[in-house]
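This report describes selected features of one protein chain. The sequence and the model are shown first, and the description follows.

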Amino acid sequence: MALRRSDPKKEPSIELFIKAGLDGENIGHCPFCQRLFMVLWLKGVKFTVTTVDMKKKPEELKDLAPGTNPPFLLYNGELKTDFLKIEEFLEQTLAPPRYPHLSPQNKESFDVGSDIFAKFSAYIKNSSANKNFEKALLREFKRLDDYLRSPLPEEIDPNSTEDLLVSRRKFLDGDRLTLADCNLLPKLHVIKIAAKKYCDFEIPPHFTGVLRYLEHACQRDEFSHTCPASGEIERAYASVANKRT
């Protein structure tokens, strides 16, 4: 009996399902959805995106992924759930030489922003009179800023007579977007919009590394064209923020 082998030259069939916004069609608020959207775009693979209206989840999607909320993925007809497992699968499956690896070279590029979203969540939920939550968020921003301003080992030329004191790189791990950026940038976008709207908080101007990072990110379609509208984020946090005193 002959074995059927998949054609390595044939593009895989990929459909990403993400949360829809209030109108049921446009991109909704979901950092994990945006994370996978960015990963697929950066891979350079052909894929389609379907937004799922969570208020009236279509019957066919209930049959396809019962009990599953976006993001989820169909890869050559096979359902993939859990965004972390999907990201790992895509990184392993869509690999060189045809597709780029997106894993960062430096482990700290992934670790540096790991607590910033948790600190933001505590900040926006709690009383504005308690300044400790804002201070904790600012500490995480400083940690991120310090990392972005510090040259990576590969930026330092041992043969140069001049010391590189401030990093010139565009993103967390260099001048290319990696999985670390796909993880952090959607969260920073949420923080920027929601904290400004409900806490009158803006990223301080002395965090030049963070601001430069966001400026470079906004120039990339993979980030700017996958962001939900500001109103989607504001609506998502309205009930939480309204409990602040």
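Where is the place of Tyr123? Tyr123 sits in helix α5. The model is a predicted one, and every statement below refers to that prediction.

**Tyr123 and its surroundings**

With a relative accessibility of 5%, Tyr123 counts as buried, because the cut-off for burial is under 20%. Leaving aside residues up to four places away in sequence, Tyr123 touches Phe133, Glu134, Leu137, Cys199, Phe201 and Arg244. Tyr123 and Cys33 are 90 residues apart in sequence, and their C-alpha atoms are 23 Å apart in space.

**Helix α7 and its two contacts**

Tyr123 is also one of the α5 residues that meet α7. Helix α5 covers residues 116–125 and helix α7 covers residues 179–199. Their axes come within 10 Å and cross at roughly 20°. Angles under 35 degrees count as roughly parallel, and α5 and α7 are therefore roughly parallel to each other. The crossing of α5 past α7 is left-handed. On the α5 side the contact consists of Ile116, Phe117, Phe120, Tyr123 and Ile124. On the α7 side it consists of Leu184, Lys187, Leu188, Val190, Ile191, Ala194, Ala195, Tyr198 and Cys199. By class, the residues of this contact are 13 nonpolar, no polar and one charged.

Helix α7 also meets helix α10, which spans residues 230–241. Here the axes come within 9 Å and cross at roughly 55°. That angle makes α7 oblique to α10. The α7–α10 crossing is right-handed. From α7, the contact involves His189, Val190, Ile193, Ala194, Lys197 and Tyr198. From α10, the contact involves Ser230, Ile233, Glu234, Arg235, Tyr237, Ala238 and Ala241. The contact of α7 with α10 has eight nonpolar, two polar and three charged residues.

Val190, Ala194 and Tyr198 of α7 appear in the contact with α5 and also in the contact with α10.

**His29**

Which residues does His29 touch, not counting those up to four places away in sequence? They are Lys19, Val190, Pro228, Glu232, Ile233, Ala236 and Tyr237. Among these, Val190, Ile233 and Tyr237 also take part in the contact of α7 with α10. His29 itself belongs to the loop between β1 (14–19) and α1 (31–43). The relative accessible area of His29 is 15%, so this residue is buried.

**Cysteines**

How many disulfides does the count come to? The count is zero. A disulfide is a covalent bond between the sulfur atoms of two cysteines, and the rule used here asks for sulfur atoms within 2.5 Å. For Cys199, the closest cysteine sulfur is that of Cys227, 19 Å away, which is too far for a bond. For Cys218, the closest cysteine sulfur is again in Cys227, at 6.8 Å, and this distance is too far for a bond as well. Cys199 counts as buried at 15% relative accessibility, whereas Cys218 is partly exposed, with a relative accessible area of 41%.

**Backbone features in loops**

Most residues other than glycine have a negative phi, and most peptide bonds are trans. The table lists residues that depart from these patterns.

| Residue or bond | Feature | Angle | Loop |
|---|---|---|---|
| Pro70 to Pro71 | cis peptide bond | omega about 5° | Pro71 between α2 (59–64) and β3 (72–75) |
| Pro96 to Pro97 | cis peptide bond | omega near 10° | Pro97 between α3 (83–93) and α4 (108–111) |
| Asn76 | positive phi | phi near 50° | between β3 and β4 (78–80) |
| Asp200 | positive phi | phi near 55° | between α7 and α8 (208–218) |

Are the two residues with positive phi, Asn76 and Asp200, buried or exposed? Asn76 is exposed, with a relative accessible area of 52%. Asp200 counts as exposed too, at 61% relative accessibility. The cut-off for this class is over 50%.

Note on methods. Residues numbered from 1 in each chain as written. Predicted model: local features only at pLDDT ≥ 70, side-chain atom pairs only at ≥ 80, totals over all residues. Heavy atoms only, no water. Axes fitted to C-alpha atoms, helices over the stretch in contact; angles between N-to-C directions. Helix = DSSP H or I, 4+ residues; strand = E, 2+ residues; numbered from the N terminus. Parallel < 35°, antiparallel > 145°, perpendicular 65-115°, else oblique. Left-handed = near helix turned anticlockwise from the far one by under 90°. Contact = heavy atoms within 4.5 Å. Nonpolar A, V, L, I, M, F, W, Y, C, P; charged D, E, K, R; others polar. Buried < 20%, exposed > 50% of the residue type's maximum accessible area, 1.4 Å probe, protein only.
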